[in-house]
Structures are given as structure tokens and as C-alpha cells.
Amino acid sequence: MIGRGLIGAAAARHLARGGQDVVLIGPDEPRQMADHRGVFGSHYDEGRITRSLDPAPFWSRVSRASIARYAGIEAESGIAFYTERGVLMAGPTGSPAMARIGEVAARDGVECARLDDTGLAACFPDFHLPPGTEAWHEPRRAGHISPRRLVAAQTRAAERAGARVIAARVLAIDERADGVTIRHEGGETEAARVLVAAGAYTGALTGGAVPLSVMARTVAFFEVSETQAARLTALPPLIYLHAHGDGPYLLPPIRYPDGRWYLKLGGDSVDVPLSSPAEINDWFRSGGNPTVARELDAQMRAFMPGLRIEATHHAACVTSFTPEDRARIAPISERVAVATAGCGRGAKCSDELGRLGAEVILGHALPDWATAG
Ligand SMILES: Cc1cc2nc3c(=O)[nH]c(=O)nc-3n(C[C@H](O)[C@H](O)[C@H](O)COP(=O)(O)OP(=O)(O)OC[C@H]3O[C@@H](n4cnc5c(N)ncnc54)[C@H](O)[C@@H]3O)c2cc1C
């Protein structure tokens with residue numbers, strides 16, 4: 001396994017539990033982003049939205065399968081990462097995006113309730129959304145996860161099932177007829193087969209075998225007092241869908257490793273592609289785009305005008321997409337396969353993406369739903 005992120009650690013757990021001899025290779029989270037000289041991951045955070053509702057059948061299915069296993073992963077590892085708070089998906093009343101959410105809830109049998117302007121104001125008075133907004137509230141099997149703790153949980157569970165971890169960056173993969181040599185910062189490891197789940201670096205590591213579009217993302221953090229956090233922490237994450245579909249998303253107060261409470265807002269208005277590992281590294285080191293952070297700041301103050309913000313900061317991250325807007329989980333040669341491309345929503349469903357990766361590297365065909373639609 002190459003890549004100790006959300007998908008790679010999940011695949012390692014599935015393979016190790018299945019009795020395979022697994023080595024999981026990937027570096028630790030950098031201590032300092034600004035002067036780090038190695039690779040980066042998209043899981044260095046405490047908040048990712050999780051929800052079953054997703055218009056695309058693939059994403060809906062992998063999300064529901066993963067969410068159903070959260071409790072088991074927490075029990076296996078002893079590491080908690082899931083907070084059930086429900087989710088609110090809001091948008092202009094009668095917009096195609098909102099109508100689609102209603103259809104999807106019915107299609108997938110996802111429990112949720114529609115709220116109009118008045119219902120929204122009554123149930124969630126802390127959110128001030130534009131007049132003429134409606135929302136779908138998914139109360140259960142939704143909320144937020146800590147991606148950092150999910151990686152830790154998957155890794156620990158994989159180790160408990162017999163996997164070995166090498167905390168190193170992989171430099172090259174040399175495939176031969178009789179095996180694969182993985183050259184990494186700690187030396188060389190021989191493997192019969194290799195699954196590459198290196199996030200935004202998967203394309204470069206596999207010699208361009210995977211056509212990934214990697215996008216720069218800026219997220220803004222809003223520190224609040226412990227008292228405010230206690231009052232607001234039970235809020236569901238909010239996704240606001242403009243009529244065309246995309247929009248900002250907001251996470252309620254979450255305690256971070258520095259002991260402070262932050263709300264988070266993301267949703268860049270423009271896609272900025274990063275075309276090489278060097279550009280990805282520079283982007284992470286930059287800490288994000290201050291102009292986008294200012295836009296997010298204004299949006300946050302409009303969404304929650306009653307919020308008393310103690311301090312703000314912003315950070316950089318990346319999302320990876322395939323042309324088909326579906327994760328790429330497939331062999332690329334006799335002994336090497338990939339499991340990558342969360343398409344901006346791969347954290348919540350990473351356990352099922354990892355399971356599918358494990359299937360592929362064992363030579364099993366994926367079901368039709370995972371390769372089409
Ligand atoms: C700002 C932001 C907000 C998001 N919000 C959500 C959300 O609300 N809900 C949701 O479900 N998803 C969300 N996502 C998406 C989610 O975080 C990603 O889909 C997910 O992290 C992808 O998992 P991955 O395993 O493919 O990649 P990563 O999590 O990035 O892991 C890749 C790993 O590969 C390692 N690696 C890279 N190169 C090498 C190498 N050469 N050798 C060894 N290891 C290597 C890295 O160190 C890293 O640990 C968000 C992403 C961003 C950026």
C-alpha cells in the first residue's frame with residue numbers, strides 16, 4: 001500500500017483483516033507546513049462533512065456503505081472520529097439542485113425532512129440564509145468526521161490486524177515480471193502487488209497513468225470562545241447549493257489539537273488547477289489564497305451574523321478529480337493498481353473506496369455500480 005491517507009489506510013485495514021501480508025508506506029503529517037519539503041495530504045484537519053445524500057449513485061452508495069461501518073472502525077481501533085449531528089443542504093427554493101436532493105432522498109430511502117424559510121428560521125435560528133431558501137435536513141447517519149483521526153483509526157486497526165507501517169515517502173515504483181520494488185526514504189520494500197493511494201500525487205507516482213485534475217482549495221477558520229462553542233456545537237454542518245449546484249459549506253465548532261474551537265467555511269468560487277507535484281507542494285506551503293479567505297470571511301459573517309469571532313486564519317488543501325467525477329479504482333498494470341480521486345467528497349466514503357481498492361489489488365472485478373453511472 002502506498003499512501004497513508006484516508007483511502008490508503010482504509011485499504012490496508014481491509015486487506016490485513018482479509019489475511020493479506022500488508023505493508024502501508026506513507027509519511028507522517030508534517031509538523032510545519034510552511035517549510036516542509038516532502039509531500040502533503042488532504043487529511044490534516046478535524047472536520048469533514050459526512051452525509052448519505054448525494055445525487056450521484058456512486059457517491060451515495062460508497063457513502064452509505066462507509067457510514068454504516070464507522071462504529072465498527074471506532075471499536076476496532078479505540079479511536080473515535082465520528083460526530084453525528086445531521087446535515088443541512090440548503091439552496092434557492094424550487095431550484096434544480098434542491099429538487100434533485102429531494103428525488104435522491106426518495107431514491108435511496110434516506111430519512112430527511114424539507115424545511116421552508118419559516119421552518120429553517122425556527123429550527124436553526126443561528127443560520128441567516130438568503131430569503132427564499134429551502135433546505136433538506138438529514139438528521140441521522142450524517143454529521144462530521146475528523147479525517148486526521150479516521151486515518152489514525154484505520155492505521156491502528158490495520159496494524160492490529162497484522163499490517164506493518166513504514167513512515168516514509170515513496171520515491172519510485174519499479175515493476176518487474178516477478179514483483180515490484182518500492183524505493184522509499186527508508187530503503188526498499190519488495191511486494192507482489194502495489195496499490196497506490198497517494199491522493200493528489202497518484203498521477204505523478206504512476207508516471208501519469210491516472211488523469212487527475214488537482215484543484216487548489218482555501219479554507220477559513222473562525223475561532224470562537226468555549227461558551228459559544230458549547231452553544232453551537234450541536235449545529236449540523238451546512239452545505240449551501242447555488243442554483244447551478246456548487247456553493248460554500250460550513251462546519252460547526254470543532255475542537256482542534258491546539259485546544260481551541262473553530263468553525264470552518266470552505267467553497268472556492270473559482271477552480272485553480274495545480275499541474276505538478278512542485279505546484280501542489282508550493283500551494284500547501286503558501287497556506288492558501290488570502291483573497292478567497294476574505295470572500296469566505298464575508299460569507300461566514302452573512303451566514304451567522306450573531307457569531308462572535310475571536311480570531312480568523314486560513315489554510316490550503318487540494319481536491320483531486322477524474323474526468324468522470326468518480327473515484328478511480330482500477331489496475332494500471334499487471335501488479336499495480338490505484339485507488340484515488342475523492343472528487344471533493346472522498347473523506348466520508350473513504351472506507352468503501354479503500355475496500356474497493358483492496359478488491360482490485362486482489363484481482364477481483366468491481367461490481368457494475370462502482371465502474372459506471
Ligand atoms: C478543503 C477540503 C475540504 C473537504 N471537505 C470534505 C468533506 O466535507 N467531506 C468529504 O467527504 N470529503 C471532503 N474533502 C475531500 C477529502 O478530504 C479527500 O477526498 C480525501 O482526503 C482523499 O483521500 P486520499 O486518501 O485519496 O488522499 P489523502 O487523504 O490526501 O491521502 C494521500 C496520502 O498519500 C500520501 N502520499 C503522497 N505522496 C506519497 C508518496 N510519494 N509516498 C508515500 N505516500 C504519499 C500523503 O502523505 C497522504 O497521506 C475535502 C477536501 C478538502 C481539500
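**Stop 1: strand β20**

Select residues 336–340, which make up strand β20; 5 of its 5 residues are buried, so the strand is largely enclosed by the rest of the structure. Keep in mind throughout that this is a predicted model. Display the side chains next: Val336, Val338 and Thr340 point one way from β20, Ala337 and Ala339 point the other way, and all are buried. In a regular strand, side chains alternate between the two faces of the sheet.

Now add the neighbouring strands. Strand β12 (residues 194–196) runs parallel to β20 and is joined to it by 3 bridges. To find the register, select Val196, whose bridge partner in β20 is Val338. Strand β19 (residues 328–331) pairs with β20 in the antiparallel sense, over 4 bridges. Here Pro331 stands opposite Ala337 of β20. The two strands β19 and β20 form a hairpin, with 4 residues between them.

**Stop 2: the two domains**

Colour the chain by its domain assignment. Domain 1 comprises 1–83 + 144–212 + 324–373, and domain 2 comprises 87–139 + 213–321. How far apart do the C-alpha centres of domain 1 and domain 2 lie? The separation of these centres is 25 Å. To view the contact, select the residues on each side: domain 1 gives 26 residues and domain 2 gives 31 residues. On the side of domain 1 that touches domain 2, 12 residues are nonpolar, 10 are polar and 4 are charged.

**Stop 3: the ligand**

Centre the view on the ligand and select its shell. The ligand is surrounded by 38 residues, the closest being Gly5, Gly41, Gly199, Gly342 and Gly346. Four elements give two or more residues to this shell: α1 (6–17), β2 (48–50), β13 (213–224) and β18 (311–321). Colour the shell by residue class, and 17 nonpolar, 15 polar and 6 charged residues appear. With the domain colours restored, note that domain 1 and domain 2 each supply at least three residues to the shell around the ligand.

**Stop 4: the largest nonpolar core**

Which residues have the most contacts inside the largest nonpolar core? They are Ile2, Ala11, Ala12 and Met89, in a core of 106 residues. The largest share of this core, 8 residues, comes from α1. Domain 1 and domain 2 each contribute at least three residues to this core. In soluble globular proteins, nonpolar side chains tend to be buried together.

Select Ala12 to examine one of these residues in detail. Setting aside residues up to four places away in sequence, Ala12 touches Met1, Val22, Leu24, Gln154, Ala158 and Ala163.

**Stop 5: strand β15 and its partners**

Move to residues 249–255, strand β15. Of its 7 residues, 6 are buried, so β15 is largely enclosed by the rest of the structure. Add strand β14 (residues 238–240), which runs antiparallel to β15 and is joined to it by 2 bridges. Strand β16 (residues 261–266) also pairs with β15 in the antiparallel sense, over 5 bridges.

Tyr249 is a convenient residue to select here. In β14, Ile239 stands opposite Tyr249, while the bridge partner of Tyr249 in β16 is Gly266. Follow the chain from β15 to β16 through the hairpin, which has 5 residues between the strands; within this hairpin, Gly259 takes a positive phi near 85 degrees.

**Stop 6: two exposed positions**

Select Pro130, in the loop between α5 (117–123) and β6 (133–138). Is this residue buried or exposed? Pro130 counts as exposed because it has 12 C-beta neighbours inside 10 Å, and the cut-off for an exposed residue is 12 or fewer. Add Pro92 and draw a distance between the C-alpha atoms: Pro130 and Pro92 are 38 residues apart along the chain, and these atoms are separated by 8.1 Å.

Finish at Leu171, which lies in strand β9 (residues 170–176). Leu171 has 11 C-beta neighbours inside 10 Å and therefore counts as exposed. Apart from neighbours within four places in sequence, Leu171 is in contact with Arg183, His184 and Glu185. A last distance can be drawn to Glu188, 17 residues from Leu171 along the chain; the C-alpha atoms of this pair are separated by 9.8 Å.

How values were computed: Residues are numbered from 1 along each chain as its sequence is written. This is a predicted model: local features need pLDDT of at least 70, side-chain atom pairs count only at pLDDT 80 or more; totals for chains, interfaces and linings use all residues. A residue is near a molecule or strand if its C-beta atom, placed from the backbone, lies within 6 Å of it. Ala, Val, Leu, Ile, Met, Phe, Trp, Tyr, Cys and Pro count as nonpolar, Asp, Glu, Lys and Arg as charged, and the others, Gly among them, as polar. Domain bounds come from an automatic or database domain assignment. A nonpolar core is a set of buried Ala, Val, Leu, Ile, Met, Phe, Trp, Tyr and Cys residues joined through C-beta atoms within 7 Å. A residue is buried if 20 or more other C-beta atoms lie within 10 Å of its own, exposed if 12 or fewer, and partly exposed in between; C-beta atoms are placed from the backbone. Two residues are in contact if their C-beta atoms, placed from the backbone, lie within 7 Å. Two strands pair if DSSP finds at least two bridges between them.
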